[in-house]
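Trainee: I should like a close look at a single part of this structure, namely how one helix packs against its partners. Please set out the geometry and the contacts in order.

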Amino acid sequence: MRSPPRLITLILLTGLSTVSLNMFVPALPAIAAELGTSYATVSLAIAGYLAVTAVAQVVMGPLADRFGRRPVMLGALALYVLASAGVALAGGVGGFLGWRMPMAAITAGWVVTLAVVRDTAAPGRAAAIMSTITGAMALAPLIGPLLGGVVAQVLGWRAIFGLYAALGAALLLLCWHDFGETRQAAPREPLWHSARRLLGDRGFWTFASCTALSTGCFYGYIAGFPAVSEARFGLGEAATGVALGAITGGFMAGAFLSARWAERLGLTRMMLAGRICAVTGLAGGLLWALVIGPLSATGVVASVLFIGLGNGLTMPSANAGATAAVEGLAGSASGLLGALTVAVGAVVTAGIGALVAASPTPLALLGALLALAIGALGAAWAAHRQG
């Protein structure tokens with residue numbers, strides 16, 4: 001089967017990959033209570049899952065290059081369905097966490113999708129397609145927890161994982177009929193040689209660094225704003241949630257624009273535009289706070305909206321550039337890109353969390369985010385110079 005998957009199939013795969021992280025979060029207290037363990041222990045279903053996801057992406061990318069996109073995607077979905085069912089039926093916390101970790105196989109939905117887009121489109125067109133996919137995917141973090149909370153309240157937390165299994169089975173059936181092989185036949189080279197080509201490619205690292213640092217700005221805001229909100233603004237949980245969700249709105253707007261401009265303007269120009277947007281918004285907020293007066297919560301959110309907008313403009317092009325950097329290794333590049341992004345996100349989350357715990361001020365938060373945005377701008381400029 002050689003016909004490439006339709007766009008809607010790729011969007012659904014990436015969407016399931018995203019909601020698999022957060023849809024069950026509202027049910028964590030209920031899970032801890034039923035399994036007779038602590039909240040901290042069941043929270044490993046998030047932190048441990050992220051760690052396994054990073055490793056899975058590094059493994060799945062080369063497998064997709066060597067054996068093809070279709071078998072890796074079908075195998076990953078089958079494992080995901082089995083693991084989700086295992087969590088739903090778990091009798092204790094050991095079974096719960098033991099089955100939860102293999103659910104990270106669904107990360108293939110993102111890794112393989114990037115490789116498929118690269119297989120079937122030139123870099124500029126690939127960026128436009130990725131903009132559409134990521135723009136639609138941005139809805140998943142908003143819808144997932146809401147849906148999970150409703151399901152848990154009505155049917156119990158196990159029903160969430162039953163729903164994961166059902167969604168995975170439906171996508172497995174869809175992919176069986178609509179996920180043809182897109183990898184081009186090529187002579188196989190030793191794995192170590194492929195790794196050396198990818199790891200030694202400067203172009204890959206400039207594009208990947210731009211993606212990782214740009215995403216780090218998002219993670220940093222999510223980690224830092226709640227502490228600032230409580231200490232400085234006294235916002236309630238609902239208002240804080242709205243402020244956190246605002247960055248997603250900016251991202252969707254940027255992805256919408258990227259889908260229309262990326263092919264015409266080129267990858268590195270889109271990356272630079274997005275990074276300049278993010279730096280300008282954050283620098284403007286800091287300048288206001290230093291020259292005019294303290295920022296309100298609305299002022300902080302207005303500054304951070306430029307991160308979302310900039311990321312929407314930047315990341316589809318940066319992702320397209322990273323996966324196209326080394327001929328024949330789109331899957332490996334996609335996997336390494338994903339793992340790097342998760343690793344940087346973890347470091348940034350911990351670092352900014354510690355920073356705002358010690359100094360919960362808008363200046364501290366925006367200053368840290370600006371440093372990340374400037375780093376991403378530097379990576380975008382390096383990619384532009386290389387191109």
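Mentor: The following account concerns helix 4 and its packing partners.

The model is predicted, and local features require a pLDDT of at least 70, side-chain atom pairs count only at pLDDT 80 or more, and totals for chains, interfaces and linings use all residues. Residues are numbered from 1 along each chain as its sequence is written, and side-chain values use heavy atoms, with hydrogens and water left out. The pLDDT, which is the predictor's confidence in each residue on a scale from 0 to 100, averages 91 over the protein, and 99% of the residues score at least 70.

Helices here are DSSP runs of H or I with at least four residues, numbered from the N terminus. Two packed helices are described by the angle between their axes and the distance between the axes. The axes are lines fitted to C-alpha atoms, for helices over the stretch in contact, and the angles run from 0 to 180 degrees between N-to-C directions.

Helix 4 (residues 44–67) packs with helix 6 (residues 93–100) at about 30 degrees, the axes lying 10 Å apart. Helix 4 is therefore roughly parallel to helix 6 (angles under 35 degrees count as roughly parallel, over 145 as roughly antiparallel, 65 to 115 as roughly perpendicular and the rest as oblique). Their crossing is right-handed, meaning that the near helix is turned clockwise from the far one by less than a right angle. On the helix 4 side, Leu44, Ala45 and Tyr49 meet Phe96, Leu97 and Arg100 of helix 6, where contact means heavy atoms within 4.5 Å. By class, this contact of helix 4 with helix 6 has five nonpolar residues, no polar ones and one charged; Ala, Val, Leu, Ile, Met, Phe, Trp, Tyr, Cys and Pro count as nonpolar, Asp, Glu, Lys and Arg as charged, and the others, Gly among them, as polar.

The second partner to consider is helix 7. The axes of helix 4 and helix 7 (residues 108–120) come within 10 Å and cross at roughly 40 degrees. These two helices are therefore oblique to each other, and their crossing is right-handed. Helix 4 contributes Gln57, Met60, Gly61 and Ala64 to the contact, while helix 7 contributes Ala108, Trp110, Val111 and Val112. Six nonpolar, two polar and no charged residues make up the contact of helix 4 with helix 7.
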